[in-house]
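Q: I'm new to this one, so please walk me through it. Begin wherever you like.

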Amino acid sequence: MIRGIRGATTVENDSEQEVILSTEKLLLEMIDQNHINPDQTASVFISVTPDLVSAFPAKALRKIHGWDYVPVMCMQEIPVEGSLPRCIRVMLHVNTEVKQSDIIHIYQRDAVTLRPDLVNNSKL
């Protein structure tokens, strides 16, 4: 069965280094907390808010050992007025037998405001 594993983070500035490092930190925590290996990952979608244009955050996944062949796509979030600025969101599509309620979704920095219900119920 394929499950979606969500994650999000924010950056202070729109710089290539900060976007890639923040995305890498988020991905590593998502992978670690959910015990994911690349072979069980069908694909990864990464979105950014319209105010982030300095880098493709997918570059962060390519820095992680063993993730060279996992399909990844970057896209822009819908520019909804009042939405969280400088936000990077990740959706990992993973083949797993883990129950939906046991998936650990990761929210870092200001992105914890997106889903406080999941952050408060974190299994960390």
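**Cysteines, sheet and cores**

A: Cys74 is partly exposed, with a relative accessible area of 26%, where buried means under 20% relative accessible area, exposed over 50% and partly exposed in between, using a 1.4 Å probe and protein chains only. This is a predicted model, in which local features need pLDDT of at least 70, side-chain atom pairs count only at pLDDT 80 or more, and totals for chains, interfaces and linings use all residues. Residues are numbered from 1 along each chain as its sequence is written, and side-chain values use heavy atoms, with hydrogens and water left out.

Q: OK, and how many disulfides are there?

A: There are zero disulfides, a disulfide being counted when a pair of cysteine sulfur atoms lies within 2.5 Å.

Q: Why doesn't Cys74 bond to Cys87?

A: The closest cysteine sulfur to that of Cys74 belongs to Cys87, and because the two are 14 Å apart, they are too far for a bond. Cys87 itself is buried, with a relative accessible area of 0%.

Q: Changing topic, what order do the strands of the sheet come in?

A: The five strands form an open sheet in the order β3-β2-β4-β1-β5, with mixed pairing. Helices (H or I, at least four residues) and strands (E, at least two) are DSSP runs, numbered from the N terminus, and two strands count as paired if DSSP finds at least two bridges between them. The edge strands, each pairing on one side only, are β3 (72-76) and β5 (106-107).

Q: And how does β2 pair, parallel or antiparallel?

A: That depends on the partner, since β2 runs parallel to β3, with five bridges joining them, while β2 and β4 pair in the antiparallel sense over seven bridges. On the β3 side, Phe45 has Met73 as its bridge partner and Ser47 stands opposite Met75, whereas Val48 stands opposite Ile88 in β4. β2 is also mostly covered, as six of its eight residues are buried.

Q: What about Thr41, is that one buried or exposed?

A: Thr41, which sits in strand β2, counts as buried because its relative accessibility is 8%. Its side chain reaches the backbone oxygen of Asn37 at 3.2 Å; a polar contact is a pair of N or O atoms within 3.5 Å, and within protein one must be able to donate a hydrogen and the other to accept it, while residues adjacent in sequence count only if both atoms are side-chain atoms. Leaving aside neighbours within four places in sequence, Thr41 is in contact (heavy atoms within 4.5 Å) with Ile36, Trp67, Val70, His93 and Val94.

Q: His93 came up there; where is it found?

A: His93 is found in strand β4, and it is buried, with a relative accessible area of 18%. The side chain of His93 makes a polar contact with the side chain of Ser43 at 2.9 Å.

Q: Which residues touch the most other members of the largest nonpolar core?

A: Val90 and Leu92 do, in a core of 26 residues. A nonpolar core here is a set of buried Ala, Val, Leu, Ile, Met, Phe, Trp, Tyr and Cys residues joined through side-chain atoms within 4.5 Å. At least two residues of this core come from each of α1 (16-33), β2 (41-48), α2 (58-62) and β4 (87-95), and α1 gives the most, with six residues. A second, separate core has six residues, among them Ala8, Cys87, Ala111 and Leu118.

Q: Then how does the length of α1 compare with what its residues should span?

A: The 18 residues of α1 should span 26 Å at 1.5 Å a residue, and its end C-alpha atoms are 26 Å apart, which agrees; the expected span is 1.5 Å times one less than the number of residues. Its buried residues, including Leu26, Leu27 and Met30, pack against β1 (2-10), β2, α2, β4 and β5. After α1 comes His35, whose phi is positive, near 50°.

Q: Last one, where is Arg86 and what does its side chain reach?

A: Arg86 lies in the loop between β3 and β4, and its side chain reaches the backbone oxygen of Glu12 at 3.1 Å. At 29% relative accessibility, Arg86 counts as partly exposed. The C-alpha atoms of Arg86 and Val53 are separated by 9.8 Å, although these residues are 33 residues apart along the chain.
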